[in-house]
Amino acid sequence: MTVNGETKSVSIDPRTSLLDALREYMGLTGSKKGCDHGQCGACTVLVDGRRINSCLTFAVMYQGQKVTTIEGLANGDQLHAVQQAFVKHDGFQCGYCTPGQICSAVAMLAEAKAGCASAVTADLAAANVTLTDEEIRERMSGNLCRCGAYPGIVEAIRSLAEA
Ligand code: FES
Ligand code: FES
């Protein structure tokens with residue numbers, strides 16, 4: 001598979017989760033293991049631009065696909081706009097959930113821009129969605145933060161939506 005623009009080839013047990021393949025076999029420890037059963041979102045990565053919980057899925061399912069982890073978002077020393085917004089708006093404390101939060105935010109901004117409705121979207125026919133705080137909270141509800149940095153996370157994403 002292609003991970004952060006590089007071709008990676010690993011020989012693994014077919015039961016290996018994508019998260020374990022990234023962390024244990026490719027040395028990409030940015031994606032975190034919080035719960036290992038789909039509850040916290042700390043392991044969120046992007047596959048062909050869509051966010052997934054990498055702990056819930058087998059690595060072999062992504063043979064030949066493009067995976068992006070937190071390590072692949074910045075362009076050299078230039079942080080991705082979502083990373084910059086999290087820094088500016090204090091969207092974290094300990095940082096454990098942050099890689100997942102940021103990957104999730106990158107994909108959710110694209111989803112909203114493409115007009116994908118959420119459970120709280122009033123106008124399902126709208127071509128694109130206005131990201132109110134309620135929309136942001138709903139769309140980020142799969143990413144938990146034990147430090148409770150939620151106000152900063154919402155503010156960071158709102159600032160990008162407004163921009
Ligand atoms: S580690 Fe994957 S959702 Fe918690
Ligand atoms: S910043 Fe500590 S868990 Fe979210």
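Q: Which residues is I157 in contact with, leaving aside its neighbours within four places in sequence?
A: Keep in mind that this is a predicted model. Once those sequence neighbours are set aside, I157 is in contact with F86, A105, M108, L109, I136 and M140.

Q: What should I make of a list like that?
A: Start with the general idea: in soluble globular proteins, nonpolar side chains tend to be buried together. Here, the largest nonpolar core has 25 residues, and F86 and I157 are the members that touch the most others. As for where the core comes from, α2 (81-88), α3 (98-113) and α5 each supply at least two of its residues. The top contributor is α3, with eight residues.

Q: What does the second core include?
A: That core is separate and has 13 residues, among them M1, V3, L28 and A59.

Q: Let's move to the strands. In what order do they lie in the sheet?
A: Read the sheet from one side to the other, rather than along the sequence. The order is β2-β1-β5-β3-β4, in an open sheet of five strands with mixed pairing. Because β2 (6-7) and β4 (50-53) stand at the edges and have a single partner strand each, one side of each lacks a neighbour in the sheet.

Q: How do I read β3, and are its faces buried or exposed?
A: The general idea first: in a regular strand the side chains alternate between the two faces of the sheet. In β3, T44 and L46 sit on one side and V45 and V47 on the other, and all of them are buried, so to speak, with both faces covered.

Q: Which strands does β3 pair with, and in what sense?
A: β3 (residues 44-47) runs antiparallel to β5 (residues 66-68), and two bridges join them. β3 also pairs with β4 in the antiparallel sense, over four bridges. You can follow this residue by residue. V47 has R50 as its bridge partner in β4 and V67 as its bridge partner in β5. L46, for its part, stands opposite T68 in β5.

Q: What happens at the turn of the β3 and β4 hairpin?
A: There are two residues between the strands, and D48 takes a positive phi near 45°.

Q: Now for a polar residue in a loop. Is N143 buried or exposed?
A: N143 lies in the loop between α4 (133-139) and α5 (150-162). Its relative accessibility is 5%, so N143 counts as buried.

Q: What does the side chain of N143 join up with?
A: For a buried polar residue, look for polar partners. The side chains of N143 and S104 are joined by a polar contact of 2.7 Å. Apart from neighbours within four places in sequence, N143 is in contact with C40, G41, T44, G100, Q101, S104 and Y150.

Q: How do I step back and read the whole chain?
A: Start with the elements, then go to overall dimensions. The chain has five helices and five strands, in the pattern β-β-α-β-β-β-α-α-α-α along the sequence. Its radius of gyration is 16 Å, close to the 15 Å that the globule rule gives for 163 residues, so the chain is as compact as a globular protein of that length. The C-alpha atoms fill a box of roughly 45 × 35 × 30 Å along the principal axes.

Q: How much of the chain is buried, and what does the surface look like?
A: Of the 163 residues, 42% count as buried. The accessible surface is about 8800 Å², and 49% of that belongs to carbon and sulfur atoms.

Note on methods: Residues are numbered from 1 along each chain as its sequence is written. Chains are lettered from A and ligands numbered from 1 in the order in which they are written. This is a predicted model: local features need pLDDT of at least 70, side-chain atom pairs count only at pLDDT 80 or more; totals for chains, interfaces and linings use all residues. Side-chain values use heavy atoms; hydrogens and water are left out. Buried means under 20% relative accessible area, exposed over 50%, partly exposed in between (1.4 Å probe, protein chains only). A polar contact is a pair of N or O atoms within 3.5 Å; within protein, one must be able to donate a hydrogen and the other to accept it, and residues adjacent in sequence count only if both atoms are side-chain atoms. Contact means heavy atoms within 4.5 Å. A nonpolar core is a set of buried Ala, Val, Leu, Ile, Met, Phe, Trp, Tyr and Cys residues joined through side-chain atoms within 4.5 Å. The radius of gyration is taken over C-alpha atoms; the globule rule is 2.2 Å times the number of residues to the power 0.38. Accessible areas come from the Shrake-Rupley method with a 1.4 Å probe; for residues, only the protein chains shown count as cover. Two strands pair if DSSP finds at least two bridges between them.
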